[in-house]
Every structure is written in structure tokens, then in C-alpha cells.
Amino acid sequence: MLRNSENLPRAFRLAGLCVALAGAASAQPFMPNYDESKVPQYTLPDALVMANGRKVADAKMWQTTRRPEILELFRTHVYGRNPGPPAKIKFEVTSLDRKALGGLATRKEISVFFTGKKDGPKMDILLYLPNDAKTRVPAFLGMNFEGNHTIHSDPGISLPTQWKRASPGAAVTENRARAESRGQQASRWQVEKILQRGYAVATIFYGDVEPDFADGWKLGVRGALSQAGTNTTFAPDEWGAIAAWAWGLSRALDYLETDKDIDAKRVAVIGHSRLGKTALWAGAEDERFAIVISNDSGCGGAALSKREFGETVERINTSFPHWFCGNFKKYNRKESELPVDQHELIALVAPRPVYVASAEEDHWADPLGEFLSAKNAEPAYRLFGKRGLGVEERPAVNHPVGDTIGYHIRTGKHDVTEYDWEQYLNFAARHFGK
Ligand code: GTR
């Protein structure tokens, strides 16, 4: 007879201990692992092996069979399924200034009415076009955190009308933005630099598509486009907020395709942090995006979940229960059971160029896990005869590397800096042939 746990095999004792701790741990503060030696043993799913065990033989098989299979896995288990493009979308240019930014740019603002109805859900695109362009220009498109008016101090930018979080210094009254916050996020956008390099910049306040809190969907597209409206109960594989924001980026691209000043075949989608996760998912779902750029996107973005380094699946699902689909919660503390990992999200971008950027002090986002994702996406690129990263080891800080897959880790914190933009502009110039 087994009297005590001493007599049990070690694995059983450990399992029992874990269950006991799991009960207690829910009340404990989360302690992220930042110790490489404590990263669990993990096996990444092979991006080139089908669910039925067959090996992907070539680019055609990837494109027609394996890519759709991986995309479905991410829809079902991670981000959730979006409802597809709306039937009656309408665009309206609401402002136009051909002499913005001292004559450097044309500034346009465009309202996108998702259901074609003016009193229905909408988002507002801010678009700057370089005035010295002779032909259609390529563009960078990304969502912003605080409102279009925060990406530049230009007083002509309209303030957002959607719900906005009140936080210290954010200049918000009754959940609406005030003008004092103009230009607050300008360092993250580098508008003049982008224009001078010959690109347009398009951006949308992410709160236009869905305010970022657990019940925010009731004020955003997920509520507005669901039959039951604010009474909706989402199925476990229906879209979460990240999928909604990504869907919004595709709707912005729908508009850009109609704008004769834009070369819509050369649009790079970009995002930082949660909006970096969003940019990656937008680039996976929508192959019209010609380049995909992830800035410090971390857990649920470029970082490998199975490393459990920094932010974990359980932690992100607890802090932000609305970001991912219901099914993703099944993998709380069960990363090893995830049928995908984030290198396959990057592989979904293949053969299009993708850039993953990390910051040295951004341990929470797991810089090494972001690099390893980029590295493990390479086999998909090789099917197309592309080198991908082309390096074996993570490069030193401030040494950008890569071919079709770009990567850098820069000094400093979780942020988007001028240095990051320099690399993205160089990368885009290389791939867009500018
Ligand atoms: C953090 C979150 C990260 C990242 C970040 C951000 O609180 O844990 O996953 O998305 O927010 O978006 O700034």
C-alpha cells in the first residue's frame, strides 16, 4: 500500500504538488519567469508538417493546403474568426488640406462607415501623403493607441469621437479626448521622416474599432455587427478584440485601394505591442498587406508562447480577457498543448517580407522568443526560395539583420523609436525597390 507521496513516482508527486499550488497560486501575484534556465523543454509544431503527417513539398502545397490549415488553427484557438468584409462599406473624405505640415504633405481624413450607414459603426482614417510624389506612393498603415491627433501636433487633425480611457496625462474628459493631448505620441510615428522617404502614413485610433476593455466590444464593431448586438454571447472561436482591430486594418486597406494617390499593392502594416499583435494577425488574415511589421509585440504576437518567458498565456488572458477568442483560455498554463506557436503566425506572412523588432529592456515581451519565432518561420520562406532571416544567432543590440525576415533588438525600453522607424524605412525601401 502506498502510504505517502514518498512512494509515488517523482512525476506523480510533482503533479500533485502543482495542483495544490495551482489552487493557492490563483491568489498569488504573477511572477514572470526571466530566467533562461527555467524555460521549460518545449517542442514547436513543425510549420511544414500537415495535421495528417504529410510533409509540405513545395510552395504550392504550402499556399493551397498547409497555410489555410495553420490559419484555421489560429482562428479557432487564438484570435477567433472575423465575419469577413462587410457588404456595404462606404468611405467619405471629411477633410482635405493640401498644404499640411508647412506644405510637406496633403492631409486627408476619411470616415469609414462599416455598414454603409452614417449612424452605424465607423472609424476615421488620418492620411498624410508626401506632396513631392510624382506617382502613387506606398504607405505605412497602423493603428494608434491614443487618437489620431496624438501622432502629430498638427492642429488640423480631428479629435476622436469614440470612448477613450482616462489615464494620468491623457487629457480625457468623460471618456472623450481633449486637444491638450495633440502630438503626445509623435515620437512613435516620425511622420516627417516617413513622408520625406516617399511614403504615405495612414493611421486609425484603435478605440474607433473597439474600445480596449473587457466590455468594450459593446461600443465597437463586435457588438455593432453581431445580430444580437450588445446581448451577444461569442462562440469560443469567434473574434476577440485583436481580430476586430485587425479587421479594421483590412477595412482601411479597402479604402486605400480606392485612393488614387496610394499604391495599394505596396502597403506595409505596422503596430506596436498589442497593436503589433494586431498587425501580425492582420497580415496573416489579409494577404493584400505587402509587408508586415511587428514592434515589440510579445506574447500573442511574435514571441513564442511555449517558452513561457515574461508574459504567459494565462497572464494575458487574465489581464486582457477580451483580446483573444474564448478557446485561447484553454491553454492557460497549458502552452505545451497549443496546436500552434507564434513562429507559424510569422510563417503565414510568407513569402511577403516581415519584420520583427525587440527592445533590450522589454523582458516582458521576451525578445529572444521573438527572435526564435522569426527564425523558426524560415522554412516557409525557403519554400519560395527566400532566405528569411539568414542568420543563426540573435544579433547583437542595434545590429539589424535579415533578408525577407528582418529582425533587430535595440537598446532601450518597450516603445517605438526613431531607430525602429529607420530600420522599417530601410527594409521597406529594399523590398519596395525605392
Ligand atoms: C501590456 C501587455 C502586453 C502588451 C502591452 C501593450 O500590458 O501585457 O501584452 O500588449 O500591454 O500593448 O502596450
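How many disulfides does a search of the whole structure find? Zero. This is a predicted model, and I will take the cysteines before the ligand.

Two cysteines to go through. Cysteine 299 is in no disulfide. The nearest cysteine sulfur to it belongs to cysteine 325, and that sulfur is 14 Å away. A disulfide here would need the two sulfur atoms within 2.5 Å. Cysteine 299 counts as buried, with a relative accessibility of 5%. Cysteine 325 is likewise in no disulfide, and its nearest cysteine sulfur is that of cysteine 299, at 14 Å. For cysteine 325 the relative accessibility is 1%, so this residue counts as buried.

Now the ligand. Which residues surround it? In sequence order they are Ser273, Arg274, Lys277, Glu311, Ile316, Phe320, Trp323, Trp364 and His414. Sorted by class, that shell has three charged, two polar and four nonpolar residues.

On to the polar side-chain atoms, taken one residue at a time. In arginine 274, a side-chain N or O atom is 2.5 Å from an oxygen atom of the ligand. Glutamate 311 also places a polar side-chain atom 2.5 Å from a ligand oxygen. For tryptophan 364, the distance from a polar side-chain atom to an oxygen atom of the ligand is 2.9 Å. As for cover, the ligand on its own has 320 Å² of accessible area, and the protein covers 80% of that.

To recap: no disulfides turn up in the search, cysteine 299 and cysteine 325 count as buried, and arginine 274, glutamate 311 and tryptophan 364 each have a polar side-chain atom at one of the quoted distances from a ligand oxygen.

Conventions
Residues are numbered from 1 along each chain as its sequence is written. This is a predicted model: local features need pLDDT of at least 70, side-chain atom pairs count only at pLDDT 80 or more; totals for chains, interfaces and linings use all residues. Side-chain values use heavy atoms; hydrogens and water are left out. A residue is near a molecule or strand if one of its heavy atoms lies within 4 Å of it. A polar contact is a pair of N or O atoms within 3.5 Å; within protein, one must be able to donate a hydrogen and the other to accept it, and residues adjacent in sequence count only if both atoms are side-chain atoms. Accessible areas come from the Shrake-Rupley method with a 1.4 Å probe; for residues, only the protein chains shown count as cover. Ala, Val, Leu, Ile, Met, Phe, Trp, Tyr, Cys and Pro count as nonpolar, Asp, Glu, Lys and Arg as charged, and the others, Gly among them, as polar. Buried means under 20% relative accessible area, exposed over 50%, partly exposed in between (1.4 Å probe, protein chains only).
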